[in-house]
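The following report concerns backbone geometry, with attention to peptide bonds and to the sign of phi.

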Amino acid sequence: MFTIKKILLDFMEEAAGVTSFPVLSWQFATEKKNFRQSAFQIQAAEKVDFTQLIYDSGEMAGKDSNGIKPHVKLQSGRRYYVRVRAAAEGKWCPWSEPVSFLTGNIAENWQGKFISAETPADKDNSKGTYLRKEIQLDKAVEQAVIYTTALGLYQFFINGQRIGREELAPGWTAYQKRLSYQTYEVTEYLKNGRNELRAHMGAGWYKGMLTFHHVRNLYGEQTAFFGQLHVRYTDGTEEVFATDESWLGADSPVLFAEIYGGETYDAGKAEPEAGMWHKVQCVDYPLNNLQPQTASPIRVAGEIPVQKMLVTPKGERVLDFGQNMSGWVTFKVRGAKGTQVKLHCFEVLDKDGNVYLENLREAKETLTYIKGSDAEEVFTPHFTYQGFQYAWLEDWPEDAQADDFTAQVLHSDMPQTGSFACSEKLINQLQHNILWGLKGNFLDVPTDCPQRDERLGWTGDAEIFSSTANFLVNTHAFYQKWLGDLVAEQADNGAVPHVVPDVLTPVASPEMIEHMGMDGASGWADAATIVPWNLYLATGDTAILRCQYDSMKKWVSFMDARMDEQGRFNYKMQFGDWLALDGDGKTPLGATPTPFTCSVYHLVSLEIVARSAKILGYLQEAAAFNQKLEKLLRRFRANYLPEGELTVKTQSAYAMVLAYKLAPADVRPKLAKELADMLEEDGHLVTGFMGTPCLCQALSENGQTAAAWKLLEREEFPGWLYPVKQGATTIWEHWDGKRPDGSFCSPDMNSFNHYAYGAIGDWLYRYGAGLDYDEREPGYKLINFHPQPGGSLHFAEACHETPYGKAAIKWERSGREITVKMTVPPNAGARLTLPEGASVQAAEGLNFKNGTSQVFGSGEWEVRYLA
């Protein structure tokens, strides 16, 4: 007996606003081992009872249960239902439970206008505003769908009820070319007769202060709202209500709100008086820029109570939530009407235990609230967020209690898909920190940090961490949206800016652009190739490669056109091995030469483009790219690997050459031994952004697993466990963000929630535990189990929710004997590769007579061997 237990839509569990039929993946529940689907049938309907089919595939032979896309013409603003059944060994399972999706405005019949309660005179004002309109419904409503978005941030209400759970909507895009809109089914919120539609607006990324240059109005000078309500009546007629000049506007109780600056709210002005409403202005914005947001909006993802309420040596009253996070503090406040309270969010206490604000730079992270009555009131911010663990009650009545305050965690809604645990407490805390570093920085854009006056979508950080992120959470919709912004910001010549959305180039001086460049940095701009490639490996989604393919080619062409006489990409300023510890100490650049790092990434991106071309069926282009790749690799080896000797003697150089397999296979073990010896001689790592993610993989893949575990388990500075020992709950920007004596790195660049070095998670999951994808059958169609037990660990385990279902591994050591337990989801397969020299003792029907590698099907499996 088998059943279908889950259906994914575009690899996600929700889909609203889609404009084409979603890609389908389904998961089975069965006790049978080696389960394989042989056929399937898909039906889609407008009614949940499937009496009005719009699609029926019929019984189709096929082994795939991932990445199936029916080609069906859909209508705008409709809810559709999907169900699937499948066959195996000649037997069909029952129909699955139906799943549904809501379509966006497929017809793009936009009728609304962007309207603003502000005027150009408000360009330096970050106040909140209301927009409202009353509409009349005189017939019974069958279905109502609304599309909403804003230039700025908005919350939307119908008859006083908040629509949706999104926060900081519509998020942050390359506004000049793209703007996300949200799609809501709102039938239940409407009533017969008069209905009020209302939007609450804030400055947000659109016109509030942004970047460390502290510039306002980067995209526009007035916030504006757009809404279009489609009502379908039971008599078959339809009516559209859209934003236009007939709406009214007024100031809201939000006196000030910005991303960096916090929020000030006057509850005494909660509802504007009748005479305060005024005519709105229309704001020009191209409606063809509107793009549907289908999943992963920013939402409140959890709540954390105060762990400790303390008074610092300076007498500051401080709330400690025990976890560094992104979000805000919601609170109760008592006192007379007009009482003003203020709290200040921050990351760490200084070495004396006092409030430390310096590393926030110019970010205020302050919430100010003015009471509107004598009763107890509750406040939740609207149009800001903070990066913090602590909150200083800078101005607060003496009766404040710990349970008056709750931290609400904000991040893009991405279901957690991966976990890791082991026998070592510090490594488990490291895993916790990696996950919370992701949570703190994935807010519609993969930011570098959530607290200081930056919070930008640095492409280098995103590229380095993408494989780790793909294991931990379902990133599909998140990265798909951000990669769309990357394409929008990519220059015609192929250059990719340092940050996406690009808010640095518009404020850079001509001299800075000319001499330093604001784009084209190796390892950063390579996000154009590496992020979609990693997403493809994690999901098997060829559509992401097809969507990004032109962008990939443009970036590689940019590098091809800017090579020096030795065939090395050479263009303006390069970040190189950023923040490496082996540099001269005068700049954040490490000792690994940038011509070397540029050459490495040129090869990496060129190989990805060549492989993508083959996968997509562009065989002539694939052949041409492979020819270029072979030529460039010969040049690289001539420049840096003559006679198999690496000429750049840095840890990062060795790690990158090995991890990216740029050295001939026969010399890699020798290079890995040299890297291990170098680490032993130095006593610790000295690598930066480029080298660090490669270190343990380079060692593990080339016979130096013991060195990789030793490096991971180092508890002193510098290393992954040093911050853990210092009490970190997220990943730090600097290895020594906080020094053993309690002092800090320079406050101008010292974030305590900066996920890039969390890329070690990729090694923990794929090598330490041994749960890996197979590049030849991506999306975990074939799971590559290759555990590498080591260090002081007695066990390690990892679990990942693949498109096929749960895949898991646990290895446990008892003396020389190691037991490996594996879970392979139905309709997937696996390969187990044991460490060299393993002597198999029991293999549960698997045949290891001809080596230490074996392929098998779905189910629960156990292998015991002697190491």
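## Unusual backbone geometry

Pro-718 lies in the loop between α13 (705-712) and α14 (721-725), and the peptide bond that leads to Pro-718 from Phe-717 is cis, with omega near -5°. This is a predicted model, in which local features need pLDDT of at least 70 and side-chain atom pairs count only at pLDDT 80 or more, while totals for chains, interfaces and linings use all residues. Residues are numbered from 1 along each chain as its sequence is written, and side-chain values use heavy atoms, with hydrogens and water left out. The helices (H or I, at least four residues) and strands (E, at least two) named here are DSSP runs, numbered from the N terminus.

A cis peptide bond also joins Val-500 and Pro-501, with omega about -5°, and Pro-501 is placed in the loop between α4 (476-489) and α5 (510-515). As background, most residues other than glycine have a negative phi, and most peptide bonds are trans.

Positive phi values are the next topic, and the table gives them for two residues.

| Residue | Phi |
|---|---|
| Phe-11 | near 70° |
| Ser-296 | near 60° |

Phe-11 belongs to the loop between β1 (2-9) and β2 (16-18), and Phe-11 is buried, with a relative accessible area of 4%. Ser-296, for its part, is found in the loop between β24 (290-292) and β25 (298-305), and Ser-296 is buried, with a relative accessible area of 2%. Buried here means under 20% relative accessible area, with exposed being over 50% and partly exposed in between (1.4 Å probe, protein chains only).
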